[in-house]
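Welcome! Here is a short guided look at a protein model, written for someone meeting it now. Please have the sequence and the 3D view at hand as you read.

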Amino acid sequence: EDPMATQVGRIFSKRLQHGSESSDNECHVRQACVLQMDICGFTEFARQLTALDLACVLHELFGAFDTLVQQLQLFKMDTIGDAYIVAGWLPHHDDHDDPEWKKAAQESTANICTKMLFLAGGMLDILDKFTTRCGKRVSARIGMGRGQVVVGALGSLQPRVHIRGLGMRQAEELEHTGTPATLHVCDTVLHPLCARDSADEDTDSELGLPLGWKLSETIQQNKWCSYKLSRDR
């Protein structure tokens with residue numbers, strides 16, 4: 001079976017293979033940094049609220065996340081239940097031989113990855129403020145990955161933009177294996193930050209983390225190395 005079809009669905013694969021002949025819903029191969037946030041204990045939390053109250057809570061929280069995403073000029077992919085997915089598009093470093101272009105592309109990648117870290121921190125701050133104001137403890141697990149993805153509309157009836165590929169798979173797996181109120185991030189997200197000047201006043205630690213984050217745990221897996229980060233308050 002075609003591995004591309006297995007990964008992104010036959011409709012994605014067909015549109016990619018047809019290239020310029022594909023429809024307006026053609027898919028695009030991109031490099032991306034992807035974030036997936038999931039509210040912890042959502043099922044139990046939902047049982048404590050009426051349907052209307054639950055809808056109001058999600059609307060308030062997701063609305064605040066939307067504002068932050070817009071401010072950081074990132075791309076909101078989707079909300080699935082209580083999960084919230086965001087992507088930051090990265091340049092292809094190997095598309096040009098020009099050293100100056102590659103340098104600019106690397107800096108752009110570092111900026112996008114930094115924005116994604118700020119987004120994750122902002123999400124946790126929003127949840128903390130909601131908890132303080134409402135007296136209901138709401139926390140989240142956040143996973144973040146980086147890699148090649150396929151982006152496009154899936155299906156023909158009420159199609160929505162979907163994202164498939166390495167970056168999304170990493171974000172999903174790291175979110176699922178994360179812990180409440182932490183960011184579980186793949187090492188490839190932090191590599192561009194490490195390459196920056198260590199004298200940068202907006203970063204801290206050898207990982208190049210933006211101020212406000214601290215390393216809680218390093219996890220070495222067969223597939224990739226990851227870090228669990230918590231807020232440094």
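## The nonpolar cores

In the largest nonpolar core, which has 47 residues, the members that touch the most other members are L35, M37, L61, L119, M144 and L183. Helix α5 gives this core its largest share, eleven residues. There is also a second, separate core of ten residues, and M77, I163, M168 and A171 are among them. Please keep in mind while exploring that this is a predicted model.

## Helix α7 and its cover

Helix α7 runs over residues 187-194, and its buried residues are D187, V189, L190, P192 and L193. What covers these buried residues? The cover includes the helix α5 along with the strands β1 (28-39), β4 (140-154), β6 (182-186), β8 (209-210) and β10.

## T182 in strand β6

One residue to look up in strand β6 is T182. Is T182 buried or exposed? Its relative accessibility is 10%, and because buried means under 20%, T182 counts as buried.

Leaving aside residues up to four places away in sequence, T182 touches L124, A140, R141, I142, L229 and S230. A polar atom of the T182 side chain also lies 2.6 Å from the backbone oxygen of T179.

## Salt bridges

Side chains of opposite charge can pair when their charged atoms come close. How many salt bridges are there in this model? The count comes to seven.

Start with D66 and K76, whose side chains meet in a salt bridge with an N to O distance of 2.9 Å. This pair links distant parts of the chain, since D66 sits in helix α4 (residues 51-72) and K76 in strand β2 (residues 75-80), ten residues apart. D66 is partly exposed at a relative accessible area of 26%, and K76 is partly exposed too, at 31%.

## Salt bridges from helix α5

Now turn to D125 and R231, whose side chains form a salt bridge at 3.2 Å, N to O. D125 lies in helix α5 (residues 99-134) and R231 in strand β10 (residues 225-231), so this salt bridge ties together parts that are 106 residues apart in sequence. D125 itself is partly exposed, with a relative accessible area of 22%.

Another salt bridge joins the side chains of D128 and R137, at 3.5 Å from N to O. How do the two partners compare in accessibility? D128 counts as partly exposed at 24% relative accessibility, whereas R137 counts as exposed at 54%.

Salt bridges can also share residues. A network of them links D38, R141 and E175. You have met R141 already, as one of the residues that T182 touches.

## E173 in helix α6

The last stop is E173, found in helix α6, which spans residues 166-176. E173 has a relative accessible area of 28%, so this residue is partly exposed. Which residues does E173 touch, not counting those up to four places away in sequence? The answer is K223 and W224.

You can also compare the position of E173 with that of H184, eleven residues apart along the chain: their C-alpha atoms are separated by 9.3 Å.

Conventions: Residues are numbered from 1 along each chain as its sequence is written. This is a predicted model: local features need pLDDT of at least 70, side-chain atom pairs count only at pLDDT 80 or more; totals for chains, interfaces and linings use all residues. Side-chain values use heavy atoms; hydrogens and water are left out. Helices (H or I, at least four residues) and strands (E, at least two) are DSSP runs, numbered from the N terminus. Buried means under 20% relative accessible area, exposed over 50%, partly exposed in between (1.4 Å probe, protein chains only). Contact means heavy atoms within 4.5 Å. A salt bridge is a side-chain nitrogen of Lys or Arg within 4 Å of a carboxyl oxygen of Asp or Glu. A nonpolar core is a set of buried Ala, Val, Leu, Ile, Met, Phe, Trp, Tyr and Cys residues joined through side-chain atoms within 4.5 Å. A polar contact is a pair of N or O atoms within 3.5 Å; within protein, one must be able to donate a hydrogen and the other to accept it, and residues adjacent in sequence count only if both atoms are side-chain atoms.
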